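Biologist: I'm new to this one, so could you choose a single part, look at it closely, and then lead me on from there to the rest?

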Amino acid sequence: MTVDHLNAFLLEFSVILLVAVVAVRISTRSGLPSLLIYLGIGIALGHNGLGLAFDNVALAQVLGYAALVVILAEGGLKTSWRAIRPVMPAATVLATVGVAVSVVVTAAGAHWLVGLDWRTSLLLGAIVSSTDAAAVFSVLRTVPLPRRLTGLLEAESGFNDAPVVILVVAFATTGPLDPWYVLVGTILGELAVGAAVGFAVGRVGAWAVKHVALPSSGLYPIAVMALTVLAYAGASLLHGSGFLAVYTAAVILGNSKLPHGPAVRGFADGLAWIGQIGMFVVLGLLVTPSEMGSAIVPALVSGAVLVFLARPASVLLSLTPFRLPWREQALLSWAGLRGAVPIVLATIPMVAAAPRAQEVFNIVFVLVVVFTLLQGPTLPPVARALRIGEGDLGQDLGIESAPLEKLHGHLLSVSLSPESRMSGVEVGELRLPKGAAVTLVVREGSSFVPERTTILRAGDELLVVTTEEVGEAAERRLRAVDHGGKLAGWLRGR
């Protein structure tokens, strides 16, 4: 590549990014999932569009994996452990047992209704049985669902990529299939290794980031993202699940009160957007729309089996033991969103030169487009029809901490949610420990220095300065008042 080639590439790339950014705005207003717009951009640039030739499936697979690592890292960094901890057992069962049920039911439908052989049917079922982290993280944050359901769906989408990848690789091989118990053992082993590596990297990395004072705040986001990638690479080289490792490490790091948390999450958010845009555009480039006609009927039939039979069956069998109400199970069935992950997984058999690999890719692409159009925009009205999302939407008190190394203190940025019981409390009634003080209140775009008698309101943002010794105690006190009001901890003298 020469400098002239670089200049042309940068021009094209910047234009695509700008178009994609505008597309996000359009999709937000119209309810159309942004991933479809990105796929459309790729298709418009490809064979039947502007004629940009791209047929390197192996490169597309590599780029797709890299994008998924970043997307899972960003999702993990923004996932509240408090929200997913109560639903971890349910999410784990749904991401393993539920995936197995979905694969079997979808494969049976593809075999008996579409006419695919069993090997190809199982491959198709495995590819489309994983909910997509990018789709879930982007759509669910715009839908006012109860915290339990949001946490369950996010945890499921973060966990279920791991077993699905193992199944797809197994079914895409040209040799004989391993016995089912070997597959189960392989899945459990890789999940165990991935979880262990992610936990170790997350815990050690969080300790290191909090105890090593870096000379610039801009280095913290780089360090955190490097740790998540390290978890993925380390687990993969140890023959574990890299996707589970990166998500586990990111969840631990994101819930460890890291310095400069907003900068870390903002940096990860930007990388995830670039990853999503690049992945969808590249996948769109692989598609030749003129060859999709024969895939429409198989995709509609297989998709109908997946959405209306396989997903509800997997939810019912996985979550009934946890006594979830039928309304919540119905919503979880409809919210099994597919996106780029199945399309990326569909490149695995193409790279492996598996029989009927191109046919499977075309079916998966049409299925994702059609059923994303069906499920994404209709999720909010389905939630309203099931009377889910009305209440139980309380948000945790937003507290971000930035170290003041030279002053041996911490600066806490506190955001009051609309449901916060801190609303109506006077600053003096917070009873912060000695060494902590509210120094500034930002309200409706204006800032002022509060008095002890200043009454806080929902939506306020507070700046609290603390010494290093009382930083954690001040944060605990703020959270206690947020949940219990000004009398929180009174009997304990706190």
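Modeller: With pleasure, and one definition comes in handy at the start: helices (H or I, at least four residues) and strands (E, at least two) are DSSP runs, numbered from the N terminus. Please keep in mind that this is a predicted model, in which local features need pLDDT of at least 70, side-chain atom pairs count only at pLDDT 80 or more, and totals for chains, interfaces and linings use all residues. Residues are numbered from 1 along each chain as its sequence is written, and side-chain values use heavy atoms, with hydrogens and water left out.

The part I'd choose is around Leu 6, which sits in helix α1. That helix covers residues 3–30 and gives the largest share of a nonpolar surface patch, 4 residues. The patch as a whole is made up of Met 1, Leu 6, Phe 9, Leu 10, Phe 13 and Ile 274. Together these residues have about 600 Å² of accessible area (Shrake-Rupley method, 1.4 Å probe, only the protein chains shown counting as cover). To join such a patch, a residue needs over 30% relative accessible area and no salt bridge, and nonpolar side chains are linked within 5 Å. Leu 6 itself has a relative accessible area of 35%, which puts it in the partly exposed class: buried means under 20%, exposed over 50%, and partly exposed in between.

From the surface, let's go inside. The largest nonpolar core holds 121 residues; such a core is a set of buried Ala, Val, Leu, Ile, Met, Phe, Trp, Tyr and Cys residues joined through side-chain atoms within 4.5 Å. Ile 127, Met 279 and Val 364 are the members that touch the most others. If we set aside the neighbours of Ile 127 within four places in sequence, the residues in contact with Ile 127 (heavy atoms within 4.5 Å) are Val 168, Pro 342, Leu 345, Ala 346, Pro 349, Val 360 and Val 364. A second core lies apart from this one, with 18 residues that include Val 425, Val 438, Val 464 and Ala 474.

Staying with the interior for a moment, have a look at Ala 250. This residue belongs to helix α12, which spans residues 242–254. Ala 250 counts as buried, because its relative accessible area is 0%. Leaving out neighbours within four places along the sequence, Ala 250 has contacts with Leu 72, Ala 73, Gly 76, Leu 77 and Thr 228. As for Gly 240, 10 residues away along the chain, its C-alpha atom is separated from that of Ala 250 by 17 Å.

Charged side chains make the next stop. Searching the whole structure turns up 7 salt bridges, each with a side-chain nitrogen of Lys or Arg within 4 Å of a carboxyl oxygen of Asp or Glu. One of them joins Glu 74 to Lys 78, with 3.2 Å between the closest N and O atoms. Both partners are in helix α3 (residues 57–78), and the 4 residues from one to the other amount to about one turn of the helix. Glu 74 is buried, as its relative accessibility is 5%, whereas Lys 78, at 34%, is partly exposed. A network of salt bridges links Glu 74, Lys 78 and Asp 269.

Another salt bridge brings together the side chains of Arg 356 and Asp 117, at 3.4 Å from N to O. Arg 356 is in the loop between α17 (347–351) and α18 (357–385), and Asp 117 is in the loop between α5 (88–114) and α6 (118–128), so this pair ties together parts that are 239 residues apart in sequence. Both are partly exposed, Arg 356 with a relative accessible area of 35% and Asp 117 with 32%. Arg 356 also has a salt bridge to Glu 359, where the closest N and O atoms are 2.8 Å apart. Glu 359 is partly exposed too, at 31% relative accessibility.

Arg 356 deserves one more glance for its backbone: although not a glycine, this residue has a positive phi of about 60°. Arg 387, also not a glycine, has a positive phi of about 60° as well. You'll find Arg 387 in the loop between α18 and β1 (398–404). With a relative accessible area of 52%, Arg 387 counts as exposed, while Arg 356 is partly exposed.

Key:
Buried means under 20% relative accessible area, exposed over 50%, partly exposed in between (1.4 Å probe, protein chains only). Patches are made of residues with over 30% relative accessible area and no salt bridge: like charges are joined within 9 Å, nonpolar side chains (Val, Leu, Ile, Met, Phe, Trp, Tyr) within 5 Å.
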